[in-house]
Amino acid sequence: MSTVQGRLRIAVQKSGRLSDRSLDLVRDAGLRVVKGNNDLLYRVENYPIDLLRVRDDDIPTLVADGVCDLGIVGENVLEEVRNGGPVAEVLMPLGFGRCTLKIAVPPTLAYDGPASLEGLRIATSYPKILRRWLDGEGIAADIVTMRGAVEVAPRLKLASAICDLVSTGATLDANGLVPRETVLESQAVLIKSPVAPEAGLQHLLDSIVERMAGVVSSQGAKYVMLNAPRSALDAITAILPGAGSPTVMPLSGRDDAVAVHAVCQEAVFWETLEKLKAAGASAILVLPIEKMM
Ligand code: PRT
Ligand code: ZN
């Protein structure tokens, strides 16, 4: 595969758990993606950028080798693919695709910490990560690599424990397995190639990354407006989640009250509003933030 002259390439998962959110991020950064006839490549019509749609396992290497300039992939895949060669740089966590790589065992297996895994056979799709973790714990265990359906391995007597990704925990429950150890916390990350793009494209690359950072930091952020009695100002600003220093403005015809505007970086729950109200705030408005830079 050769790089297309004069265009940046972003590697995204073609179809899977990260696909939709990856496309959303690209679109929210202002890239108009057109689905053409070519399933492997989507074009961006307003910038010289293409999206390369591949299996997530291929993304770290495509980016490390400079075939793609940016990529969106789970930290778990990035860790597993890591070898001695060139590596992609992790630019930022993206806040989606969260999961945990866990070791789980049947309830019948007496468990008393990692030492209980000594000499066992553990099934996983993440043999390298698991091996590193076991080595770190000083545990000698056999690893059986399976591409999928890892959770059925104990029932089929292929292994006595598993090491697999968990998000809700429903799969472990359904297979009667108990999570025991956390091997890795993971989420989707934006990665960048160590190979610089063509000279003329560096500026575009930087601006896309900056926009994506803006999209990520505005996710979950809210703009809060409220009126507060001057006397309760400190108490009220203390309740606003992740607000930094809010803007305080006079209210016309009112000496005893002010208007407070704040960008809250953390989720604003109903409980927060109830606390604000109890502290004396009124006319509370919570607005979504579309863009932030
Ligand atoms: O075809 P391709 O190779 O691209 O896709 P894939 O089948 O390898 O990956 P895919 O689409 O299943 O997952 C892509 C990425 O999503 C993973 O690499 C993780 O970074 C992330 N992710 C987040 C998850 C999960 N949550 C997850 N729950 N990946 C897999 N699972 C599986 C897990 O393996 C287990 O089978 O879901 C099951 C457990 O889910 P719960 O909710 O029952 O705990
Ligand atoms: Zn995969």
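Hi everyone, let's start with aspartate 56: at 17% relative accessibility this residue counts as buried, because buried means under 20% relative accessible area, exposed over 50% and partly exposed in between, with a 1.4 Å probe and protein chains only. Its neighbour in name, aspartate 57, has 35% and so counts as partly exposed.

A quick word on the source: this is a predicted model, where local features need pLDDT of at least 70 and side-chain atom pairs count only at pLDDT 80 or more. Side-chain values use heavy atoms, with hydrogens and water left out.

Now the metal. Asp56 (OD) and Asp57 (OD) are the protein donors of the zinc ion (ligand 2), 2.1 Å from it; donors here are N, O and S atoms within 2.8 Å of the metal (3.2 Å for Na, K and Ca), and water is not among the atoms, so sites may look incomplete.

On to ligand 1. Which residues come nearest? Among the 21 residues around ligand 1, they are Arg55, Asn76, Thr168, Gly169 and Thr171, where "around" takes a heavy atom within 4 Å.

Aspartate 57 turns up again here: one of its polar side-chain atoms lies 2.8 Å from an oxygen atom of ligand 1. For threonine 171, a polar side-chain atom is 2.5 Å from an oxygen atom of ligand 1. Glutamine 13 has a side-chain N or O atom 2.8 Å from a ligand 1 oxygen. Thanks, everyone!

How values were computed: Residues numbered from 1 in each chain as written. Chains lettered and ligands numbered in written order. Polar contact = N/O pair within 3.5 Å; in protein donor to acceptor, adjacent residues only side chain to side chain.
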